[in-house]
Amino acid sequence: MYFNNFRLNLQHRAFYCYLLLSLWICVLLGVMYKHVGIENSAASLLKYQTTEINIIQEQKLAGTLIKAKKITKFCNIYNDIRPGSEGNFNSNYSLEGVIVLIRHGDRGPLTHVVNVSNINCDGPYNPLYGAFESYIKNITGTPALSQLLGVFRRIHSPLPAGGCDIGLLTKIGASQLLATGRVLREVYKHSLNISSSRIKEEIKVFSTSYSRTVHSALAFLYAFLEEEDYPKIVFQSVSSLTFCFDDCACPKANYFLDQFVVESSKHLRSHPAVYNLVKAASSIVYEIPHKKLSTDPHSLKDALLTYICHNSKLPCKYPFASDQCVKPEQVTGLFTYLNWETKQSSKSKHFKRGSLLRAYGLLKNIVSQFLQMISERKPKFILYSGHDKTLSFLTSALGITSDGVFSPYYASRLIFEIYKSKELKGGTVGPIGSDYFFRLLFNGKDITTKVHFCKGVANHHPARQQNVTGFRNSSFFLCPLESIVRFLHDDYFSAFNATNLKDACAL
């Protein structure tokens, strides 16, 4: 009897052990499945970017998702494009004009990458894109589109071609600019009070000759303007991605920027693990081996964003060879290094001097637009549709090195707002333009006080700002317009011991 009971107890214990072991295996497999799912797909980097998790339950997973969010921010998903601190929310000032510089939207890679035919660059896209596409198709072949495009009327197509073609805007990229245009329309439509009958005088549009910047401007303006006003705009072309206009020739700018590339190369070689990572991943990503690209972390980042931003798996050299695939830890390692390098590069004297020379023509044009706004009360709105370098050179020349300006992501926006004071201080009229001010905003954040010649003179006006989420406390910083005029005319070339571009550019 005792032996039978003992045998029964052993059977029960064996059953319980088996049951507990089975449960443990199920839990382990579940964790492994989630971990492997995250570790082997670029899609998961995008999928989890806004997912909330319990850090106590899975600390390692949390770390992975935090890193993923830092990476996917470069994609600038159109649903995340919202108004920031833009717009006039101080009754003591009137908004006189707005100048917007944009980087083009999401595009295909700049070089041939593997498995590109498996990447979906067409969606999901902004619901407004369908209306935009239909409208452009309806006016294609008519004088309305020819007038709108101006010198760009011979462009192959006024719409994104679809797919992930080399360097071309995607439908997702157009969606980003549609979202940006709609956001800024809501911010500025009442305060700018643009007249439909004078729209050609009140709105100017400049674009580089790349189709991705033309398409980006078309998408932005469709969402920003009333539909009947849209074909009244006339595009103007610029020959350089820096918008240098008549001040482009400058051999010394090339010298400084070449020296900056040498600095960046030294940074990479001082991190041999990252250097090897870049070479290993590049050998997988690029369809055609290229010696220069194989050790360029920035080109590799750009290529990898093609997969990450389009919810695709990380690339494999051969479809069924897992040891020939880019791994998520390589992606996070690359972006962590580039984040560190950006901080070093922002301190580079070579980049700052090269930026000053490259951005001079654009800043000169912007200041001339300021002065025209003061003297003629027009134009009221100016759009420059450009590239990442357009924004990074200009912000560096203004002394701004933080807040993501060095490496602006797709559809980033840099905005100058021009204000006039409604009050005459002391009851006397000062120098011409002394009652005019400007604000500078990058992706909705006020960075006026980061401009080096505004740090000691910017007026601070506490205010309550109304935006899409209601009222919130905010700050309204204004820099005297005469400060930027003085900087351009008196101090711009002091770093070169020169007083003009010709002398500063002499080798």
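Here are a few notes on helix 8 and the residue that follows it, L225, in this predicted model.

1. Let us start with helix 8, which spans residues 211-224. Helix 4, made of residues 128-139, is one of its partners: the two axes come within 11 Å and cross at roughly 105 degrees. Angles of 65 to 115 degrees count as roughly perpendicular, and helix 4 and helix 8 are therefore roughly perpendicular to each other.

2. If you would like to find this contact, look for L128, A131, F132 and Y135 on helix 4, and for L218, A219, Y222 and A223 on helix 8. By class, the residues of this contact are 8 nonpolar, with no polar and no charged ones.

3. Next comes helix 6, residues 171-192, whose axis comes within 7 Å of that of helix 8, at a crossing angle of roughly 35 degrees. The crossing of these two helices is right-handed. Helix 6 brings A174, L177, L178, T180, G181, R182, L184 and R185 to the contact, while helix 8 brings S216, A219, F220, Y222, A223 and F224. Here the classes are mixed: 9 nonpolar, 3 polar and 2 charged residues.

4. Now move on to L225, in the loop that links helix 8 to strand 3 (235-238). Is L225 buried or exposed? Its relative accessible area is 6%, and residues under 20% count as buried, so L225 is buried.

5. What surrounds L225? Setting aside neighbours within four places in sequence, L225 is in contact with R185, I199, I203, Y230 and I233. You can also locate S196, which is 29 residues from L225 in sequence, with a C-alpha to C-alpha distance of 9.7 Å.

Methods
Residues numbered from 1 in each chain as written. Predicted model: local features only at pLDDT ≥ 70, side-chain atom pairs only at ≥ 80, totals over all residues. Heavy atoms only, no water. Helix = DSSP H or I, 4+ residues; strand = E, 2+ residues; numbered from the N terminus. Buried < 20%, exposed > 50% of the residue type's maximum accessible area, 1.4 Å probe, protein only. Contact = heavy atoms within 4.5 Å. Axes fitted to C-alpha atoms, helices over the stretch in contact; angles between N-to-C directions. Parallel < 35°, antiparallel > 145°, perpendicular 65-115°, else oblique. Nonpolar A, V, L, I, M, F, W, Y, C, P; charged D, E, K, R; others polar. Left-handed = near helix turned anticlockwise from the far one by under 90°.
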